Amino acid sequence: MSSAALDTVLEQAKALEAKGDVAGAIKALTAAPVPVQGRGLWQYARGTLAFRQGDLDAAQAHFEKAVDAEPEVAEYRSNLGSVLLERARGGDATAAAKALEVMKTAMRWGPALPDVHVNYGLALLVANRADEALKSFDDALAIDGAHVAARYNRAAALNALGRFDDALTTLDALLGAQPNHPQATASRQRLLEKLGKKR
């Protein structure tokens, strides 16, 4: 099956998703010929839509198939790691360790996108390895200095390391660019209270 056929299906799904029609995007993907559905990029796209819908089982299954089809693509492993981290947040005791292993492997493939570094940093934070997480967030920011998730989670790593003033500075910079970021606003308020400072 040609790459052109896969590209066409992905473009249709992306256009539908951009209009807010996630169900239509899924339908467009599932209407693709079976050989197209076997491709890693198709599985990745289908898993991404499932993840956005909150269907962790389907998302994990699709991301695992994407990794099996193209194991050298770091972004596929990164999204699989994200699903596992979400499971860990939901109380799955083994998911956090699995996420860290998946993300370690993703990093071996030299990811080019900042999101992979951010996801690795999140897995490290969950594992109480804040110093390594901070480096990962800094690596993401070296790729994209305005990356919102990297900046926000960098502040979380600094906070975990007890570097409260640095965390506050990081949050202030983020809120300067994204003044309506609710998590950053709440984190900043908690830090101010911890430091005994006024708004």
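# Close-up views of an all-helical predicted model

Of the 199 residues in the protein chain, 45% are buried. The model shown in every view is predicted.

**Figure 1. Overview of the protein chain, with twelve helices and zero strands.** From the N terminus on, the order of elements reads α-α-α-α-α-α-α-α-α-α-α-α. Along the principal axes, the C-alpha atoms of the protein chain occupy a box of roughly 60 × 35 × 30 Å. When contacts between residues at least 6 apart in sequence are considered, 47% of them link residues at least 24 apart.

**Figure 2. Packing of helix H1 (residues 3–18) against H4.** The axes of H1 and H4 lie 10 Å apart, and the packing angle is about 15 degrees. H1 is therefore roughly parallel to H4. The crossing of these two helices is left-handed. From H1, the residues Leu 6, Val 9, Leu 10 and Glu 17 take part; they meet Leu 41, Trp 42, Ala 45, Leu 49 and Arg 52 of H4. By class, the contact of H1 with H4 comprises seven nonpolar and two charged residues, with no polar ones.

**Figure 3. Packing of helix H2 (residues 22–30) against helix H4 (residues 40–52).** The two axes are 10 Å apart and the helices pack at an angle of about 155 degrees. Because this angle is over 145 degrees, H2 is roughly antiparallel to H4. The crossing of H2 and H4 is left-handed. On the H2 side, Val 22, Ala 25, Ile 26, Leu 29 and Thr 30 form the contact, and on the H4 side Trp 42, Ala 45, Arg 46 and Leu 49 do so. Seven nonpolar residues, one polar residue and one charged residue make up the contact of H2 with H4. Trp 42, Ala 45 and Leu 49 of H4, which belong to this contact with H2, are also among the H4 residues that meet H1.

**Figure 4. Crossing of helix H6 (residues 74–89) and helix H8 (residues 114–126).** The axes of H6 and H8 come within 9 Å and cross at roughly 35 degrees. This crossing of H6 and H8 is left-handed. H6 contributes Ala 74, Glu 75, Ser 78, Asn 79, Ser 82, Leu 85 and Arg 89 to the contact, while H8 contributes Asp 115, Val 116, Asn 119, Leu 122, Ala 123 and Val 126. Sorted by class, the residues in the contact of H6 with H8 are six nonpolar, four polar and three charged.

**Figure 5. Surroundings of Gln 60 in helix H5 (residues 56–69).** Gln 60 has a relative accessible area of 16% and therefore counts as buried. Beyond its neighbours within four places in sequence, Gln 60 is in contact with Leu 80, Val 83, Leu 84 and Arg 87. With Arg 87, Gln 60 forms a side-chain to side-chain polar contact of 2.7 Å.

**Figure 6. Position of Glu 64 in helix H5.** With a relative accessible area of 35%, Glu 64 is partly exposed, whereas Gln 60 is buried. The C-alpha atom of Glu 64 is separated by 8.1 Å from that of Tyr 76, twelve residues apart along the chain.

**Figure 7. Asn 128 in the loop between H8 and H9.** Although Asn 128 is not a glycine, its phi is positive, at about 60 degrees. The relative accessibility of Asn 128 is 71%, so this residue counts as exposed.

**Figure 8. Surroundings of His 147 in the loop between helix H9 (130–143) and helix H10 (148–160).** His 147 has a relative accessibility of 12% and therefore counts as buried, whereas the loop residue Asn 128 is exposed. Not counting residues up to four places away in sequence, His 147 touches Pro 114, Asp 115, Val 118 and Leu 141. The side chains of His 147 and Asp 115 are joined by a polar contact of 2.5 Å. Asp 115 is also one of the H8 residues in the contact with H6. Between the C-alpha atoms of His 147 and Leu 10, 137 residues apart along the chain, the separation is 25 Å. Leu 10 itself belongs to the H1 side of the contact with H4.

Notes. Residues numbered from 1 in each chain as written. Predicted model: local features only at pLDDT ≥ 70, side-chain atom pairs only at ≥ 80, totals over all residues. Heavy atoms only, no water. Helix = DSSP H or I, 4+ residues; strand = E, 2+ residues; numbered from the N terminus. Buried < 20%, exposed > 50% of the residue type's maximum accessible area, 1.4 Å probe, protein only. Contact = heavy atoms within 4.5 Å. Polar contact = N/O pair within 3.5 Å; in protein donor to acceptor, adjacent residues only side chain to side chain. Axes fitted to C-alpha atoms, helices over the stretch in contact; angles between N-to-C directions. Left-handed = near helix turned anticlockwise from the far one by under 90°. Nonpolar A, V, L, I, M, F, W, Y, C, P; charged D, E, K, R; others polar. Parallel < 35°, antiparallel > 145°, perpendicular 65-115°, else oblique.
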